[in-house]
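The following report examines a protein chain through its buried residues, its internal spaces and its aromatic pairs. Please keep the sequence and the structure in view while reading.

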Amino acid sequence: YDGTVICDGHGEGWGCWTSNRLGRTYNIYLSSLTRLQKGQPPIVISQSKEDCMHGRMAADASGDIWVTYYRWEKMGDTSRDKEVYVRKYSGGSVGREIRVSPDDVPAYEDHTAPAIAIVQGRPVVCWSWDFHTPQGYTQDAETPKIFARCLDEHGPASKAFDISAKNIDMTPALARFGDDLWCAWDSLGRSRKSLCLRRISGCAAAGDTLTVAADLVNVCSPALAFYNDSKGVLTWSQTKNGRDW
């Protein structure tokens, strides 16, 4: 389930999804249209003994596929932690698993729902962090909020930086526009929800947060894309009366 599709720079279509096809554990799988046409099996990306969820991907200029996801990790006998990782598929092989979520914070800080995009040849991953103001990070919020991190071939290339504000901020989407990125997410205030946008320039949030839809009973599932470096399309689901979407 939770399948997503992209087209790389060579015109090849790729899909990734979550499945327990090899047993009870859920992992992230990847395949291309060419592989499907040839009857080849999907590529196992996460290769974990713990459940992995929410696979999202992006293709770089060389055609390599970067896949991000979050992985459950045991905490004692009764609890599990969630951390965000990324892996690159290149030349027929899966690279090492790179941890994106910070390792300098307590394990109870859960990290979920990642999104990924390539800008200036560099992968950038954003995610929702169930944030409890750990030392060394912003102290402006104590709720789930959106963070992002720049990567390179060897791992994290920047410290995780926050994008959203003080609401409960979830389900980010990420897209490249020129040399910058834009992030969209749904945001819950005291009782109503909004859909928000903010620009990422370099390895930092830039400009003000833009509210696209506000004062709603519910809003979710943003998807964002730009084309020809000129225009963008943002889609989402919303309800105003609590019933009809």
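## Contacts, spaces and ring pairs

Leaving aside neighbours within four places in sequence, Lys 193 is in contact (heavy atoms within 4.5 Å) with Asp 186, Ser 187, Leu 188, Ala 213, Ala 214, Asp 215, Leu 216, Val 217, Asn 218 and Val 219. This is a predicted model, in which local features need pLDDT of at least 70 and side-chain atom pairs count only at pLDDT 80 or more, while totals for chains, interfaces and linings use all residues. Residues are numbered from 1 along each chain as its sequence is written, and side-chain values use heavy atoms, with hydrogens and water left out.

Lys 193 lies in strand E17, where strands (E, at least two residues) and helices (H or I, at least four) are DSSP runs numbered from the N terminus. With a relative accessible area of 12%, Lys 193 is buried; on this scale buried means under 20% relative accessible area, exposed over 50% and partly exposed in between, for a 1.4 Å probe and protein chains only. The side chain of Lys 193 also makes a polar contact of 3.2 Å with the side chain of Asp 186. A polar contact is a pair of N or O atoms within 3.5 Å, of which, within protein, one must be able to donate a hydrogen and the other to accept it, and residues adjacent in sequence count only if both atoms are side-chain atoms.

A second buried charged side chain is that of Asp 51, with a relative accessible area of 14%. Asp 51 is found in the loop between strand E4 (43-44) and E5, and its side chain is joined to that of Arg 80 by a polar contact of 3.4 Å. Not counting residues up to four places away in sequence, Asp 51 touches Arg 24, Thr 25, Tyr 26, Tyr 70, Arg 71, Trp 72 and Arg 80.

Ile 43, in strand E4, counts as buried at 9% relative accessibility. Beyond four places in sequence, Ile 43 touches Ile 28, Tyr 29, Leu 30, Arg 35, Tyr 89 and Val 94. Ile 43 and Gly 92 are 49 residues apart in sequence, and their C-alpha atoms are 9.1 Å apart in space.

Rolling a probe the size of a water molecule over the atoms shows where empty space is left. On a 1 Å grid over the protein atoms alone, a cavity is a set of points where a 1.4 Å probe fits but cannot get out, a pocket is an open set with protein on both sides within 12 Å along at least five of seven lines, and lining residues have an atom within 4 Å of a point. Grid points are joined across faces, edges and corners, and a volume is the space filled by probe spheres set on the points.

The count comes to one cavity of 30 Å³ or more, and the largest cavity holds about 40 Å³ of space. Its lining consists of Val 119, Gln 120, Arg 122, Asp 179, Asp 180, Leu 181, Ile 200, Ser 201 and Gly 202, with strand E16 (180-188) and strand E17 (193-201) each supplying at least two residues.

The largest pocket has about 910 Å³ of space. Of the 35 residues that line the largest pocket, Met 57, Ala 58, Ile 116, Ala 117 and Leu 174 are the closest to its centre. Two or more lining residues come from each of strand E1 (4-7), strand E5 (52-59), strand E10 (111-119), strand E15 (168-177) and strand E19 (218-227), and E19 gives the largest share, seven residues.

The two linings can be set out by residue class, where Ala, Val, Leu, Ile, Met, Phe, Trp, Tyr, Cys and Pro count as nonpolar, Asp, Glu, Lys and Arg as charged, and the others, Gly among them, as polar.

| Lining | Nonpolar | Polar | Charged |
|---|---|---|---|
| Largest cavity | three residues | three residues | three residues |
| Largest pocket | 22 residues | eight residues | five residues |

Rings of Phe, Tyr and Trp (its six-membered ring) pair if their centres lie within 6.5 Å, and planes under 30 degrees apart count as stacked, over 60 as edge-to-face and the rest as tilted. The count comes to eleven aromatic pairs. The rings of Tyr 1 and Tyr 26 have centres 6.0 Å apart and planes at 75 degrees, so this pair is edge-to-face. The pair links distant parts of the chain, 25 residues apart, with Tyr 1 in the segment before E1 and Tyr 26 in the loop between strand E2 (13-19) and strand E3 (27-32). Tyr 1 is exposed at 54% relative accessible area, whereas Tyr 26 is partly exposed at 27%.
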